[in-house]
Amino acid sequence: MKKICYYDNKNIISEKLKTLREQKGLSQSNLAAKLQTMNVNIDQQMISKIEKNKRQVTDYELACICKCLSVTPNDLLNFSELKFE
């Protein structure tokens, strides 16, 4: 299976996820536990990899992360940082 990257990035929510998670007073473990109650198979290490831009995020993971943080997908997606050439 080919690895999908965009300018060496695996996702575009990494920085915003960390910022919003910390603003909500959640640890990576807390967020992972909330996601697990939504039947999303994710643990603290996976949250860490997402925040370090070393793991892709699926659409359902994004939706559930947004629900856990009470934000919209647009709050997490950093479209302004994308490079179009």
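**Entry 1. Terms and overall fold**

I take a contact to mean heavy atoms within 4.5 Å. I begin with this term because I need it to say what covers a buried residue. The model I am examining is a predicted one.

I looked up the secondary structure. I find five helices and zero strands in the chain. Read along the sequence, the pattern is α-α-α-α-α.

I then looked up burial for the whole chain. The chain has 85 residues, and 34% of them count as buried. The exposed surface of the chain comes to about 5900 Å², and carbon and sulfur atoms supply 49% of that area.

I also looked up how far along the sequence the contacts reach. I considered contacts between residues at least 6 apart in sequence, and 61% of these join residues at least 24 apart.

**Entry 2. Helix α4 and its cover**

Which residues of α4 are buried? I list Glu61, Leu62, Cys64, Ile65, Cys66, Cys68 and Leu69. I next looked up what covers them, and the cover includes α1 (14–23), α2 and α5 (73–76).

I noted one residue of α4 with the opposite character. Aspartate 59 lies in this helix. Its relative accessible area is 62%, so I record aspartate 59 as exposed. I also looked up its distance to proline 73. The two residues are 14 places apart in sequence, and their C-alpha atoms are 9.8 Å apart in space.

**Entry 3. How α2 packs on α4**

For background, I note that two packed helices are described by the angle between their axes and the distance between the axes.

I looked up both values for α2 (residues 28–37) and α4 (residues 59–69). The angle is about 115 degrees, and the axes are 10 Å apart. Angles of 65 to 115 degrees count as roughly perpendicular, and α2 and α4 are therefore roughly perpendicular to each other. The crossing of α2 past α4 is right-handed.

Which residues meet here? From α2 I find Leu31, Lys34 and Leu35, and from α4 I find Cys64, Ile65, Cys68 and Leu69. By class, this contact of α2 with α4 has six nonpolar residues, no polar residues and one charged residue. I note that Cys64, Ile65, Cys68 and Leu69 also appear among the buried residues of α4.

**Entry 4. How α2 packs on α3**

I repeated the search for α2 and α3. The angle between them is about 110 degrees, and their axes are 8 Å apart. That value makes α2 roughly perpendicular to α3. Here, too, α2 passes in a right-handed crossing.

The residues of α2 in this contact are Gln28, Ser29, Leu31, Ala32 and Leu35, and they meet Gln44, Ile47, Ser48 and Glu51 in α3. By class, the residues of this contact divide into four nonpolar, four polar and one charged.

**Entry 5. Isoleucine 47**

Is isoleucine 47 buried or exposed? Isoleucine 47 lies in helix α3. Its relative accessibility is 0%, and it therefore counts as buried. I looked up its neighbours, leaving out residues up to four places away in sequence, and found Gln28, Leu31, Ala32, Leu35 and Ile42. Among these, Gln28, Leu31, Ala32 and Leu35 are residues of α2 that take part in the contact with α3.

I also checked isoleucine 47 against valine 57. The pair is ten residues apart in sequence, with a C-alpha to C-alpha distance of 9.8 Å.

**Entry 6. Three loop residues**

I looked up asparagine 53 in the loop between α3 (44–51) and α4. Asparagine 53 has a relative accessibility of 15%, and it counts as buried because buried means under 20%. Leaving out residues up to four places away in sequence, asparagine 53 touches Asn9, Lys10, Asn11 and Ser14.

Asparagine 39 belongs to the loop between α2 and α3. Its phi is near 70 degrees, a positive value in a residue other than glycine. At 71% relative accessibility, asparagine 39 counts as exposed.

Serine 70 is in the loop between α4 and α5, and it comes just after α4. Serine 70 has a positive phi of about 55 degrees although it is not a glycine. With 61% relative accessibility, serine 70 counts as exposed.

Technical notes. Residues are numbered from 1 along each chain as its sequence is written. This is a predicted model: local features need pLDDT of at least 70, side-chain atom pairs count only at pLDDT 80 or more; totals for chains, interfaces and linings use all residues. Side-chain values use heavy atoms; hydrogens and water are left out. Helices (H or I, at least four residues) and strands (E, at least two) are DSSP runs, numbered from the N terminus. Buried means under 20% relative accessible area, exposed over 50%, partly exposed in between (1.4 Å probe, protein chains only). Accessible areas come from the Shrake-Rupley method with a 1.4 Å probe; for residues, only the protein chains shown count as cover. Axes are lines fitted to C-alpha atoms, for helices over the stretch in contact, and angles run from 0 to 180 degrees between N-to-C directions. Angles under 35 degrees count as roughly parallel, over 145 as roughly antiparallel, 65 to 115 as roughly perpendicular and the rest as oblique. A crossing is left-handed if the near helix is turned anticlockwise from the far one by less than a right angle, and right-handed if clockwise. Ala, Val, Leu, Ile, Met, Phe, Trp, Tyr, Cys and Pro count as nonpolar, Asp, Glu, Lys and Arg as charged, and the others, Gly among them, as polar.
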